Amino acid sequence: MTETTRQFNCPNCGAALKASLRYAKQVACDHCDSMVMLEDAVVRLAGKQGVMADMPSLLTLHEPFAYQGKTYTPVGHIRFDYAHGFWDEWWAETADGACWISVDEGDIAIEEPLELSRPVDPAALAVGATVRVNAGEFLITEAGEAVCRAVRGEIPEAIAPGDRFAYWHLSGADGALVTLEAEGAEVTATRGRWLNPYAIAARPAGRA
């Protein structure tokens, strides 16, 4: 059985887990509100999904959309609370991989994991400071703490409602965007670009 056709059932209620499983490490059960961790050939319960109020959105789970000739299919959805309200992170699959899509008050960005060439010290990060990330110089434009409110669908990492992390948004030349996140002393990064929301098509390119 291939990576994309493995099938699992929820260990809490027995329902089939709706997931492509290509990148999934954690899947939400649509039937009993459980979060399920996928570990090789076994599954285990990982808590509850949390409460996510329906809000107007350009993105919908399992509904493909096209942007600049490329098709994205959102398969996972995380909502985070922060000082100014909330933002949504969507895990989306494409023909050649997957990426995160951030949506915050109408601003949309596509971000992919960035391997840091050297460690970043969280204590040295402050709004207004300039920091070198790999070969680029970036201005820190926002910093704060985020709390996971709810999770839906399948995602490539373990996260549960109530989990907290520090974050920093960085801006670079030519509209480059970097996000740094830290739990304790460990800092991870993603790099991306802003999308024009008016250029998002509801159907994949070429589909009737």
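Rings of Phe, Tyr and Trp pair if their centres lie within 6.5 Å, with the six-membered ring used for Trp. In this predicted model, such ring pairs link Phe80, Tyr82, Trp87, Phe165 and Tyr167 into a cluster. The whole structure holds seven aromatic pairs.

Take Phe80 and Trp87 from that cluster. Their ring centres are 5.3 Å apart, the planes meet at 35°, and the pair is tilted. Phe80 is buried, because its relative accessibility is 5% and the limit for buried is under 20%. Trp87 is buried too, at 5% relative accessibility.

A further pair joins Trp91 and Trp100. Here the centres lie 5.0 Å apart and the planes stand at 55°, so this pair is tilted. The angle falls short of edge-to-face, because that class needs planes over 60 degrees apart. Trp91 is buried, with 7% relative accessibility. Trp100 is buried as well, at 10%.

Now turn to the open space. The largest pocket encloses about 860 Å³. Its lining counts 35 residues. Nearest the centre of the pocket lie Glu89, Phe165, Thr179, Glu181 and Thr190. Phe165 deserves a second look: this residue also belongs to the aromatic cluster.

Which strands build the lining? At least two residues each come from strand S5 (70-82), strand S6 (85-94), strand S7 (97-104) and strand S8 (107-114). Strand S10 (136-155), strand S11 (164-171), strand S12 (177-183) and strand S13 (186-194) also supply at least two apiece. By residue class, the lining has 17 nonpolar, seven polar and eleven charged members.

Glu89, one of the residues nearest the pocket centre, leads on to Ser102. Ser102 sits in strand S7. The side chains of Ser102 and Glu89 share a polar contact of 2.9 Å. Ser102 has a second acidic partner: its side chain makes a polar contact of 3.2 Å with the side chain of Glu111.

Is Ser102 buried or exposed? Ser102 is buried, because its relative accessible area is 11%, and buried means under 20%. What does Ser102 touch, leaving aside residues up to four places away in sequence? Its contacts are Asp88, Glu89, Asp107, Ile108, Ala109 and Glu111. Both polar partners, Glu89 and Glu111, appear among these neighbours.

Definitions and conventions: Residues are numbered from 1 along each chain as its sequence is written. This is a predicted model: local features need pLDDT of at least 70, side-chain atom pairs count only at pLDDT 80 or more; totals for chains, interfaces and linings use all residues. Side-chain values use heavy atoms; hydrogens and water are left out. On a 1 Å grid over the protein atoms alone, a cavity is a set of points where a 1.4 Å probe fits but cannot get out, and a pocket is an open set with protein on both sides within 12 Å along at least five of seven lines; lining residues have an atom within 4 Å of a point. Grid points are joined across faces, edges and corners, and a volume is the space filled by probe spheres set on the points. Helices (H or I, at least four residues) and strands (E, at least two) are DSSP runs, numbered from the N terminus. Ala, Val, Leu, Ile, Met, Phe, Trp, Tyr, Cys and Pro count as nonpolar, Asp, Glu, Lys and Arg as charged, and the others, Gly among them, as polar. Buried means under 20% relative accessible area, exposed over 50%, partly exposed in between (1.4 Å probe, protein chains only). A polar contact is a pair of N or O atoms within 3.5 Å; within protein, one must be able to donate a hydrogen and the other to accept it, and residues adjacent in sequence count only if both atoms are side-chain atoms. Contact means heavy atoms within 4.5 Å. Rings of Phe, Tyr and Trp (its six-membered ring) pair if their centres lie within 6.5 Å; planes under 30 degrees apart count as stacked, over 60 as edge-to-face and the rest as tilted.
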